[in-house]
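Visitor: I am new to this structure. Please take me through one part of it closely: the place where the chains come together.

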Number of protein chains: 2
Amino acid sequence: MTTTEIKNNDFKDVVFNRQSVREFDPNFKIDPAELQAMIDEAISAPSACNLQSWHFVVVNSDEGKAKAKSVLMPFNHPQLDSCSAMIFVLGDTQSHLVYRDVWNKACEEGRITPEKRDQIFNTFLPMYEKATPDFLKMDATIDGSMAAMQLLLVARAHGYDANPIAGYAAGKVATTFGLDASRYVPVMAIAVGKKASEPITTTRYAGTQVTEFI
Amino acid sequence: MTTTEIKNNDFKDVVFNRQSVREFDPNFKIDPAELQAMIDEAISAPSACNLQSWHFVVVNSDEGKAKAKSVLMPFNHPQLDSCSAMIFVLGDTQSHLVYRDVWNKACEEGRITPEKRDQIFNTFLPMYEKATPDFLKMDATIDGSMAAMQLLLVARAHGYDANPIAGYAAGKVATTFGLDASRYVPVMAIAVGKKASEPITTTRYAGTQVTEFI
């Protein structure tokens, strides 16, 4: 894991002073290697059965931004126009098939025994292989959301800011980026860049209003 | 926001050395006020339109643990038995109705004008009020997952460890805790406590395998 680019290691500042920034310096570019490093760091997030049901489309070219614009609601165009990159986070509803392939390959290459492989396969995989599309969509959405949350924080730790975006034509996202819409479900888009103006400060309901002890 | 209990403020350590801990010291209790503080901190997470579609049920009594056990799959019972608290994170699919109530009350109390209130109501609320149950479920699930991710990190910053859990009878969670199942959707359970044994180290696929640049 590359963590060499962490400029702000103050947990409280990164987490509690995070705000959704919607206007970025349009001339500021983030190196693709650093964008990849940020994703590598974000996927230290946990996932159900470690299936890692997430997928990322990094939009950082003019051509990519034109595609992104075609799915984003107009009020999110300013973030797209000014950000260094917009990262679409999707959920992968077929991650359990990937998992099966990975362990079959390990077995074929003699790295694990067939018995060990079958033991792995017989634990939770059947639950996924028999699951409904709705279950797989929810599962992948939760994994993707957790990685997305970490990406928002990692962006700040790298000295940048971000805006998580839900305002897009969800049904068009995967196909617009050349992905199989029956496999990948959109979770959110994240605009990342160098802050150009102070954002609106939002507040939260008191935690006690949304918590009960039993 | 209470951040006085943050014992570990090292962002890299909190985020990148987080692991799913499944065995806790059964004699160690976390003060309910600190559990509430951790939730208060976790809900600094963003949410779609700041609707804050999350809800938390903190299980820290014997009676509560018995209820939790009735919905958890048996392989997650050890975490329940040994943790200081298990926090069920749910999504609130009616957060837009709460939002409407909050602003109506502000208007009735003269804190904002009817014109300002209507301006607030006419932006995104109609989108939610006309939304399908599936949209509302996904939206609440994403909000809840982001708060849950922050809760996992905040637990570590407080010097504890945690295990996010998806293995439960999802359809029974809300009703078991006396919540309206047509309103609240389960997102995950999080066992929190003092680590009693080193967990299994998991690995991730390379980030480049799940990322594409366009």
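Guide: In this predicted model, a rotation of 180° with 0.0 Å of shift along its axis lays chain B on chain A. The RMSD of that superposition is 0.0 Å. The two copies are thus related as by a two-fold rotation axis. The same surface serves both copies, and 100% of the contact residues of chain B recur in chain A.

Look for Phe11(B) beside the axis. Of the residues of chain B, Phe11(B) comes closest to the rotation axis, with its C-alpha at 2.2 Å.

Now the contact itself. Chain B gives 72 residues to it, and chain A gives 72 residues. Between them the chains bury about 6,200 Å². Of that area, 64% lies on carbon and sulfur atoms. Phe11(B) appears again here, together with Tyr205(B) and Ile214(B). These three residues supply 14% of the area that chain B buries against chain A. That is more than any other three residues supply.

Next, follow a sheet that draws on both chains. Its 5 strands run in the order 5(A)-1(B)-2(B)-4(B)-3(B). The sheet is open, and the pairing is mixed. Strand 5 (211-213) of chain A stands at one edge and strand 3 (161-165) of chain B at the other. Each has a single partner strand, so one side of each is left without a neighbour in the sheet. From one strand to the next, the twist averages 20°.

At the chain B edge, 5 bridges join strand 3 to strand 4 (residues 184-193) of chain B. These two strands run antiparallel. One place to see the pairing is Ala162(B), which stands opposite Val192(B) in strand 4 of chain B.

A helix packs on this sheet: helix 2 (residues 32-42) of chain B. Helix 2 of chain B touches strand 5 of chain A. It also touches strand 1 (54-59), strand 2 (85-92) and strand 4 of chain B. The direction of helix 2 makes about 155° with that of strand 5 of chain A.

Last, the cysteines. A disulfide is a covalent bond between the sulfur atoms of two cysteines. A search of the whole structure finds 0 disulfides over all chains. For Cys49(A), the nearest cysteine sulfur is that of Cys83(B), 19 Å away. For Cys49(B), the nearest is that of Cys83(A), also 19 Å away. Cys49(A) counts as partly exposed, at 33% relative accessibility. Cys49(B) counts as partly exposed at 34%.

Terms used. Residues numbered from 1 in each chain as written. Chains lettered and ligands numbered in written order. Predicted model: local features only at pLDDT ≥ 70, side-chain atom pairs only at ≥ 80, totals over all residues. Heavy atoms only, no water. Least-squares fit on C-alpha atoms with pLDDT ≥ 70 in both. Contact = heavy atoms within 4.5 Å. Pairing = 2+ DSSP bridges. Helix = DSSP H or I, 4+ residues; strand = E, 2+ residues; numbered from the N terminus. Axes fitted to C-alpha atoms, helices over the stretch in contact; angles between N-to-C directions. Disulfide = S-S within 2.5 Å. Buried < 20%, exposed > 50% of the residue type's maximum accessible area, 1.4 Å probe, protein only. Buried area = accessible area lost by both parts, 1.4 Å probe.
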